[in-house]
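Trainee: Hey, can we go through this one together? I'd like to look at a few helices and how they pack.

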Amino acid sequence: MDSQDNVLEQGTIRNEEVNQEAAAPEVVNETHEAAEEAQPRKVYATKAEVLSRIQEIAHGEETLQKEEIDYLKTVFYKLHIAEREAKLKAYLDAGGAPEQYQVTPDPEEEAFKAEMGIIKEKRALIFKEQEAEKQENLAKKLSIIEKIKNMLTSPEDANKSYQEFKTLQQQWREIKSVPAEKASELWRNYQLYVEQFYDLLKLNSEAREYDFKKNLELKTKLCEAAEKLAEEEDVVSAFHQLQKLHQEYREIGPVSKELREEIWNRFKTASTVINKRHQQHFEGMRAKEEENLARKTALCEKVEAIAAKENKGSGDWDKHTKEIIEVQAEWKTIGFAPQKMNVKIFERFRAACDDFFGRKAEYFKNMKEAFKENAEKKRALIEKAKALQDSTDWKSTGDKLIALQKEWKTIGMVPKKVGDQLWEEFLGACNKFFEARNAAGAGQRSEEYSNLGKKREIIEKLKALSEEAGDKLQEKVQKLVEEYNAIGHVPFKEKDNIYKEYHAVLDKLYKDLNISAASRALQNFKQSLKQVAERSENALDNERARLFRQYEAIKQEVQTYENNLGFLNASSKKGNSLIDEMNRKVQKLKDEMNLVREKIKAIDEENK
């Protein structure tokens, strides 16, 4: 007896856990859950079908089934998310910008939420009624126990009260659920007094044995049913069915004393198998949910890190958008997190995504406005260019159009398609004028070809000088340079070629002359150091300070030139020429810096 009580109490703890879950407003009818899960679920193709069923439940009189309601909720939001993703895909496939896409409210979702609110209220009301009924059932069963207890006065009284006792047993079986926290103690007390009554009962042997035999048959069937549940694939369904078997076992009277422990141990062993499978099932689910939470937390941190990155332009925004979309796709592959954290972790993830896409939308909105403003500025320049395209005032109009072209370059970007169209229109107006001007100046071409020949002759002379040596070499080079510069324009098509050829030869000559001159200058400087040192005690230090100031001044000038080079546009031929000229000046200045540095080193050697 005691061993049965202890073990059953342990089994009842598990039952109480389930009953406590069932007591919440969300679980209305736990007695039908196992049957619900065993039945095949209806397949819903549209949200409207799900909504229609939810409305039937919300406004009908049928018993609320938690499993069906949870299933309908899951199906509705699966269809809802799939529909929303399909709309987004269609929008993107049609060429829409991701940052401009807006999710529109769904009337069906609002209606679904409203019906679920009604169901929640019905659940709460039913739960309240069930709790009141359980309290009433508890009072009834306590009354039955008290009546049986009062029958335990003597064997004779027990015999007389047998029919009343059987009636009380029948009444006990007909009374349904009681509060979960009272169920174990209530059953123990009932079982205690029932068995005491049977022990006192002085029925004839045949009736007594028949009663015990009947109870043994019933309990044996329950043991067989419990043992068969071990083969049930649905662990949760098996657990709920076991609770019903426990309830039935409690309602059956005792068996003979020598078989009580044996039959109970058999039922307890079968129950332990089911309880252990159920426990392992939910432990596995909890472990998986914790793993999902860890993975989702890592994705939240990843999205937050991407959202925190600086976006210097549309390229960065597009790059980071792709990264976030990849993370969102991975998020969808992960299952639920623990119930307490599932909503919180999703809200954290959604907040990071919303923050990024909100700022992106604002950026592209501002950029679109800037594009519009820049396009208007370029259209204004086109109108000015068209107004000048038919002018024959070659010099003045040419300068004005060149000024317009420079102004065009200062205007910011516009979308490529629009920009190409505007540029073609602007370039057409400019070309019309310059082509007309070129046609009018065709008479100048013969002179330009003559100038081309003269420049080539000077280039040949410079090439010849590159093989000579002597003190007057620089003077000869300078004279030829002056002659070259005095010659007028050459044909436009030959301008770049003759320019490159001329400067290639000239650069080589200047390089050779500079190296030679620098070497001689350094030698002369070293020879004069002793004379400088004899002037005064600090003469060398003063000379070194002067050279250092000269070095810093040249260095500053080089930096100025290099900074200016960074702002020049080399897309035009004229721009190329100017850049080449400045590069030559920079190289000449660097050669001077090297010479000054070598002089400073020479002074340092002398001071040693």
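**Helices and a buried lysine**

Mentor: Sure. Helix 15, residues 416–440, has 25 residues and reaches 35 Å from its first C-alpha to its last, close to the 36 Å expected at 1.5 Å a residue. Keep in mind that this is a predicted model.

Trainee: Okay, and which residues of helix 15 are buried?

Mentor: Those are Gly 419, Leu 422, Phe 426, Ala 429, Cys 430, Phe 433 and Phe 434.

Trainee: What covers them?

Mentor: The cover includes helix 13 (339–388) and helix 14 (394–410).

Trainee: New topic: where is Lys 296 found?

Mentor: Lys 296 sits in helix 11, residues 257–308. Lys 296 is buried, yet it has no salt bridge.

Trainee: Huh. How far away is the nearest side chain of opposite charge?

Mentor: That's Glu 289, 10 Å away.

Trainee: So what is Lys 296 in contact with, leaving aside neighbours within four places in sequence?

Mentor: Trp 331, Ile 334, Gly 335, Phe 336, Asn 342 and Ile 345.

Trainee: And how do helix 11 and helix 12 cross?

Mentor: Their axes come within 10 Å and cross at roughly 170 degrees, with helix 12 covering residues 314–332. Angles over 145 degrees count as roughly antiparallel, so that's what helix 11 is to helix 12. Lys 296 and Leu 299 are among the helix 11 residues making the contact, and Val 327 and Trp 331 are among those from helix 12.

Trainee: Last one: is Met 341 buried or partly exposed?

Mentor: Met 341, in helix 13, is partly exposed, with a relative accessible area of 32%. Its C-alpha is separated by 7.8 Å from that of Leu 293, 48 residues apart along the chain.

Methods: Residues numbered from 1 in each chain as written. Predicted model: local features only at pLDDT ≥ 70, side-chain atom pairs only at ≥ 80, totals over all residues. Heavy atoms only, no water. Helix = DSSP H or I, 4+ residues; strand = E, 2+ residues; numbered from the N terminus. Expected span 1.5 Å × (residues − 1). Buried < 20%, exposed > 50% of the residue type's maximum accessible area, 1.4 Å probe, protein only. Contact = heavy atoms within 4.5 Å. Lys, Arg positive; Asp, Glu negative; His and termini not counted. Salt bridge = Lys/Arg side-chain N within 4 Å of Asp/Glu carboxyl O. Axes fitted to C-alpha atoms, helices over the stretch in contact; angles between N-to-C directions. Parallel < 35°, antiparallel > 145°, perpendicular 65-115°, else oblique.
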